Amino acid sequence: MPAAEPAPPAIELRHIDKRFGTVHANRDVSMTIARGSITGIVGENGAGKSTLMSILYGFYDADSGDILVNGEPAAIRNPHDALHLGIGMVHQHFVLIDPFTVLENVMLGAEGGALLRRGKGKARAELERLETEYGLGVNPDAVIGNLPVGAQQRVEILKALYRGAAILILDEPTGVLTPQEAEQLFRILQTIKARGATVILITHKLREIMAATDEVYVMRAGTVVAHRRTEETDEGELAELMIGRKVRLELDKAPAAPGAERLLVEDVTLHDARGVTVLDHVGFGVRAGEIVGVAGVSGNGQTELLEVLAGIRVAETGRISVDRTAITPARPMDPAQMRELGVAHIPEDRHRLGLVVSFEATESALLGYQRDGAYAGPVLQRHQAINRHCAALMEEFDVRPRQPFLRSANFSGGNQQKLIVARELARDPTVLLVGQPTRGVDIGAIEFIHRQLIEHRDAGAAILLVSVELDEIMALADRILVMCDGRIVGEVARHDADERMLGLMMANARAGNGAAAST
Amino acid sequence: MQDAYLIALLTLSATIRVSTPLILGAMAGLFSERSGIVDVGLEGKMLAAAFAAGAASAVTHSAWLGLAAGIVAATALALIHGFASITQRGNQVVSGVAINILVAGLTIVLGIAWFHQGGETPPLPPEGRFMPIHFPGQDALASVPVIGPIYGHLIGGHNLLVYVAVAAVPLTHWIVNATRFGLRLRAVGENPQAVDTAGVSVAWLRYRAVLLCGLLTGIAGTYMSIAQNAGFTRYMSAGQGFIALAALIFGKWRAWPAMGACLLFGFLDAVAIRLQGVSVPGIGEVPVQLIEALPYALTVILLAGFIGRAVAPRASGIPYIKEH
């Protein structure tokens with residue numbers, strides 16, 4: 001008698017390839033996800049994890065490659081096909097209807113008849129069964145809008161299970177959860193696994209991978225760089241694989257000669273609209289003539305930190321001092337006042353905060369300084385001065401094409417960024433807040449922007465640089481702070497730092513490694 | 001005493017007649033807006049239906065053909081609005097305003113071209129209209145005090161479309177709250193992405209909502225020209241579509257409260273008509289315009305947050321673009 005064939009894997013991806021324009025998001029990716037396992041996929045932002053899962057869930061079509069579900073080739077053209085094959089997805093941002101009850105949200109699209117009454121009875125019975133089986137702890141009659149984030153996420157899981165999902169994909173599920181909620185989530189995932197379902201966990205938090213998964217794939221720059229059994233690896237190895245050894249950006253720069261403390265941040269705390277702590281007693285200083293880099297996986301409070309320092313948001317506690325001026329929650333300052341103090345801000349997201357894409361370059365080059373007497377007359381703007389100013393900036397910062405009246409949207413990303421950098425540096429600020437200065441910018445512009453930042457450092461500016469690109473931090477910073485979960489978890493001098501150590505701190509590896517590495 | 005009672009009763013009866021197009025319009029708007037399609041074009045659709053019904057009935061002398069024409073006209077405009085806002089993802093307010101302006105001119109141009117009566121349609125014979133329905137036993141009961149006038153003037157004595165409007169309210173409430181279509185309708189107005197990921201077509205759902213809106217505004221317009229009146233006159237909707245929209249907001253996009261708002265606004269109108277030219281001791285002539293402005297004023301006060309809070313469906317006015 002032949003031996004029973006082993007069960008086919010739940011999911012098999014073969015040579016998946018996907019490009020978005022010039023970006024090669026997935027490059028010949030192959031994976032095998034065993035049935036009844038919890039498989040982790042780790043990687044930095046932009047490593048291609050989410051793209052891959054979107055292909056599996058039918059949001060995107062792969063350019064080439066095959067997907068096999070339970071050993072059968074599958075054509076997944078939309079989420080509906082995926083649901084049909086038993087694949088459910090819990091998105092990072094929930095897709096729920098706030099005024100509806102849990103029951104109504106779960107039923108939507110699978111009502112079981114034109115009238116709700118009968119379907120509701122059935123759905124309620126099914127929810128009760130799922131409740132006893134998985135212990136999600138969700139009241140079917142609760143209104144979504146009144147539920148805490150963790151419970152909303154469990155409703156998403158419930159939706160997938162209700163539709164008979166046997167394969168559950170979770171995209172960065174713990175990003176919005178409190179530690180207690182995260183623990184509960186992992187208990188539920190273990191139950192789901194124990195019932196024979198398959199779980200795919202996308203995350204960049206190595207601790208979660210170690211705690212929850214059976215196997216792990218590491219992705220970097222669109223490819224799978226490693227596949228390990230979780231028990232046979234450790235956080236250190238994963239961090240190294242995740243970050244990799246990249247070509248170092250070399251910059252000629254003199255050693256920093258820090259002067260007086262220009263920016264001092266003490267005990268700053270902030271919660272977001274959902275009550276999650278995004279800044280947790282943050283404190284540090286930046287001195288004149290130094291660049292302090294803030295490293296961290298994005299979404300760990302860096303964005304909020306920059307916005308608080310720029311006056312866009314008001315901290316709940318603490319104090320920010322710029323030279324001798326103190327900014328406290330009781331006496332906040334708006335972005336215009338911060339600018340008057342000599343604080344310039346190159347925002348992380350140039351389209352959201354940096355410029356107005358429908359404005360001409362002249363106007364975008366003026367934003368934030370439009371009330372300056374040189375450009376604003378008593379009633380009308382001084383157009384000639386504004387135009388001359390823009391033309392001069394374009395010349396000095398090599399913004400191409402040199403067309404002051406071209407709409408901002410028609411410049412390439414790199415040139416838009418150069419325009420913003422030019423605008424903010426033109427005033428020779430004493431404190432410069434810089435977020436992701438080279439995101440989506442070509443090599444030439446990167447070098448140029450980096451040189452500008454170094455020049456201003458040497459001229460005595462205190463620069464705070466937030467970047468998720470470790471290379472950039474390593475190339476520019478004189479001192480490095482690491483942020484994780486809204487806290488500064490470590491500080492190292494540039495010459496003591498290496499990427500493996502920073503990677504571990506960014507992933508907030510256990511105190512043993514992290515604390516030893518810090519200070 | 002007897003007199004005051006009768007006056008009150010007649011005022012209430014007038015309230016019902018005046019409220020009928022408002023109720024139909026508000027229910028029409030409810031379907032559209034709960035699906036996330038803002039409809040400021042209720043007025044235009046009602047006016048177009050009034051003209052189409054008046055014109056068809058003038059030619060055929062059939063109230064039923066008039067009704068059919070009214071519904072067809074309003075539905076066609078609803079589809080234009082749907083195409084602009086659902087398929088083309090245009091600005092829904094602009095589309096609605098465009099429909100109002102288009103209809104205001106077009107009804108007069110066509111009216112003059114077809115009937116040569118300065119934009120009006122010819123007066124209609126009784127068989128071309130929906131006439132008040134005579135209830136059985138109405139005459140026998142007429143002499144019974146209290147009950148007689150109620151039965152004759154308040155419950156009975158209206159035309160068919162009034163009863164359609166009254167029936168539309170519980171029906172709307174039921175569809176929205178007790179059917180699969182209603183659940184999806186409410187869902188798509190709040191978060192179309194949730195509907196899309198559940199495998200339900202957002203566009204088709206919204207088109208159905210817009211079609212229902214066309215049907216109901218068609219009946220509302222028909223009521224104006226061939227039930228309430230005996231023919232179409234220029235601009236005869238006279239802002240009632242906007243009042244219906246105000247009532248819908250006042251009723252917080254729910255059927256029963258919206259009907260309540262329609263009756264309140266209708267009552268104010270009926271009172272205004274009754275008080276026209278009446279001199280009240282101590283005040284002098286009653287400023288009727290002030291009463292007529294109340295629906296708008298009340299709605300503004302409501303929106304300003306003084307009477308509870310009116311929260312529109314969250315996705316209303318936002319075209320749905322699939323994003324991944």
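Three salt bridges are counted between chain A and chain B, a salt bridge being a side-chain nitrogen of Lys or Arg within 4 Å of a carboxyl oxygen of Asp or Glu. Asp98(A) forms a salt bridge with Arg314(B), with 2.9 Å between the closest N and O atoms.

This is a predicted model, in which local features need pLDDT of at least 70 and side-chain atom pairs count only at pLDDT 80 or more, while totals for chains, interfaces and linings use all residues. Residues are numbered from 1 along each chain as its sequence is written, chains are lettered from A and ligands numbered from 1 in the order in which they are written, and side-chain values use heavy atoms, leaving out hydrogens and water.

The contact between the chains (heavy atoms within 4.5 Å) takes 19 residues from chain A and 20 residues from chain B. In chain A, Val95(A), Leu108(A) and Leu116(A) lose the most area to chain B, together 26% of what that side buries. About 1,900 Å² is buried between chain A and chain B, 64% of it from carbon and sulfur atoms; buried area is the accessible area (1.4 Å probe) that two parts lose on being put together, summed over both. Six residue pairs, both at pLDDT 80 or more, are in polar contact between the chains. A polar contact is a pair of N or O atoms within 3.5 Å; within protein, one must be able to donate a hydrogen and the other to accept it, and residues adjacent in sequence count only if both atoms are side-chain atoms.

Three residues from loops and a helix are compared below by relative accessibility, where buried means under 20%, exposed over 50% and partly exposed in between (1.4 Å probe, protein chains only). Helices are DSSP runs (H or I, at least four residues), numbered from the N terminus.

| Residue | Location | Relative accessibility | Class |
|---|---|---|---|
| Leu115(A) | loop between H3 (102-107) and H4 (116-134) of chain A | 44% | partly exposed |
| Ser408(A) | loop between H13 (383-396) and H14 (413-425) of chain A | 1% | buried |
| Trp256(B) | helix H12 (residues 255-275) of chain B | 42% | partly exposed |

Not counting residues up to four places away in sequence, Ser408(A) touches eight-residue surroundings that include Leu355(A), Phe359(A) and Gln416(A). With the same exclusion, Trp256(B) is in contact with Val169(B), Pro170(B) and His173(B). Trp256(B) and Ile23(B) lie 233 residues apart in sequence and 9.9 Å apart in space, C-alpha to C-alpha.

Helix H8 (residues 180-190) of chain B is mostly covered, with ten of its eleven residues buried, including Phe181(B), Arg184(B) and Glu190(B).

Conventions:
Helix = DSSP H or I, 4+ residues; strand = E, 2+ residues; numbered from the N terminus.
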